[in-house]
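Trainee: I am new to this structure, and I would like a close look at a single part of it. Please pick one spot and work outwards from there.

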Amino acid sequence: ARRRANSRPRPPASASPTYTPGQVAAAMVKTCTAWWSASSAMDDASNAVNESPGPAGWSNPARQQARDRETDITLAQTAYLKSQVDQATPAQLRHLLDQYNELSFAELDATVHHLGDHVDALFKQQNAVMADIDAQCRK
């Protein structure tokens, strides 16, 4: 095959970049610092819903206001977290964070649609993923 004089061969599409141990360590610090910050803010917002005054349920105005704030915080913290994950972050941790974010969005959707049992199931799944992320970040 002929190539133009100024063209360079392209690496195969399957070639993945490699990172130095220092780059991986820096990415882990950045990602895990963001995780601790974002998860703490989201936990606080979730706890505020549970601690809101009045009866539990979808129609309690104080609880609904806390849920609205939880939604805002979850969306903001998810965006922040995604912005802090580098490609040098180990794939397993990136995958766990993606899972956590997907579960967060699913939980928000279930909450909007008042699907209490589904919210509870997603919350349990989220807690399991959180434990795995925490373990990865403690390494």
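**A closer look around Q126**

Mentor: Leaving out residues up to four places away in sequence, Q126 touches Y100, L103, S104 and E107, where contact means heavy atoms within 4.5 Å. Before we go on, keep in mind that this is a predicted model, in which local features need pLDDT of at least 70 and side-chain atom pairs count only at pLDDT 80 or more, while totals for chains, interfaces and linings use all residues. Residues are numbered from 1 along each chain as its sequence is written, and side-chain values use heavy atoms, with hydrogens and water left out.

Q126 belongs to helix α4; helices (H or I, at least four residues) and strands (E, at least two) are DSSP runs, numbered from the N terminus. With a relative accessible area of 6%, Q126 is buried. Here buried means under 20% relative accessible area, exposed means over 50%, and partly exposed is in between, using a 1.4 Å probe and protein chains only.

Let us follow that helix. The buried residues of α4 are V119, L122, Q126, V129, M130, I133, D134, Q136 and C137. This buried set packs against α1 and α3. An α-helix has 3.6 residues a turn, so residues three or four places apart point the same way. As for length, the 23 residues of α4 should span 33 Å at 1.5 Å a residue, and the 32 Å between its end C-alpha atoms agrees with that; the expected span is 1.5 Å times one less than the number of residues.

Next in our walk along α4 comes V129, which lies in this helix too. V129 is buried, at 9% relative accessible area. Setting aside neighbours within four places in sequence, V129 is in contact with L96, Q99, Y100 and L103. The C-alpha atoms of V129 and L97 are 8.2 Å apart, although their positions lie 32 residues apart along the chain.

Then there is I133. Not counting residues up to four places away in sequence, I133 touches W35, L93, L96, L97 and Y100. Some of these names come back in the largest nonpolar core, which has 21 residues, with W35, L93, Y100 and I133 making the most contacts inside it. A nonpolar core is a set of buried Ala, Val, Leu, Ile, Met, Phe, Trp, Tyr and Cys residues joined through side-chain atoms within 4.5 Å. Two or more residues of this core come from each of α1 (21-50), α2 (61-83), α3 (91-112) and α4 (116-138). The biggest share, 7 residues, is from α1. In soluble globular proteins, nonpolar side chains tend to be buried together.

From the core we can step back to the whole fold. The protein chain has 4 helices and 0 strands, and along the sequence its pattern reads α-α-α-α. Of its 139 residues, 33% are buried. Among contacts with a separation of 6 or more, 66% join residues 24 or more positions apart.

How do α1 and α2 lie relative to each other? Their axes come within 8 Å and cross at roughly 170°; axes are lines fitted to C-alpha atoms, for helices over the stretch in contact, and angles run from 0 to 180 degrees between N-to-C directions. The two helices α1 and α2 are therefore roughly antiparallel, since angles over 145 degrees count as roughly antiparallel, under 35 as roughly parallel, 65 to 115 as roughly perpendicular and the rest as oblique. Where they meet, α1 offers residues including W35, A38 and M42, and α2 offers residues including I73, T78 and L81.

T78 in α2 is worth a pause. T78 is buried, at 1% relative accessible area. Beyond its neighbours within four places in sequence, T78 is in contact with M42, N101 and F105.

Two last stops concern loops. A search of the whole structure finds 1 salt bridge, meaning a side-chain nitrogen of Lys or Arg within 4 Å of a carboxyl oxygen of Asp or Glu. This bridge joins K30 and D86, with the closest N and O atoms 3.2 Å apart. K30 lies in α1 and D86 in the loop between α2 and α3, so the pair ties together parts 56 residues apart in sequence. K30 is partly exposed at 34% relative accessible area, and D86 is partly exposed at 27%.

Finally, H114 sits in the loop between α3 and α4. H114 has a positive phi of about 55° although it is not a glycine. Most residues other than glycine have a negative phi. H114 is partly exposed, with a relative accessible area of 42%.
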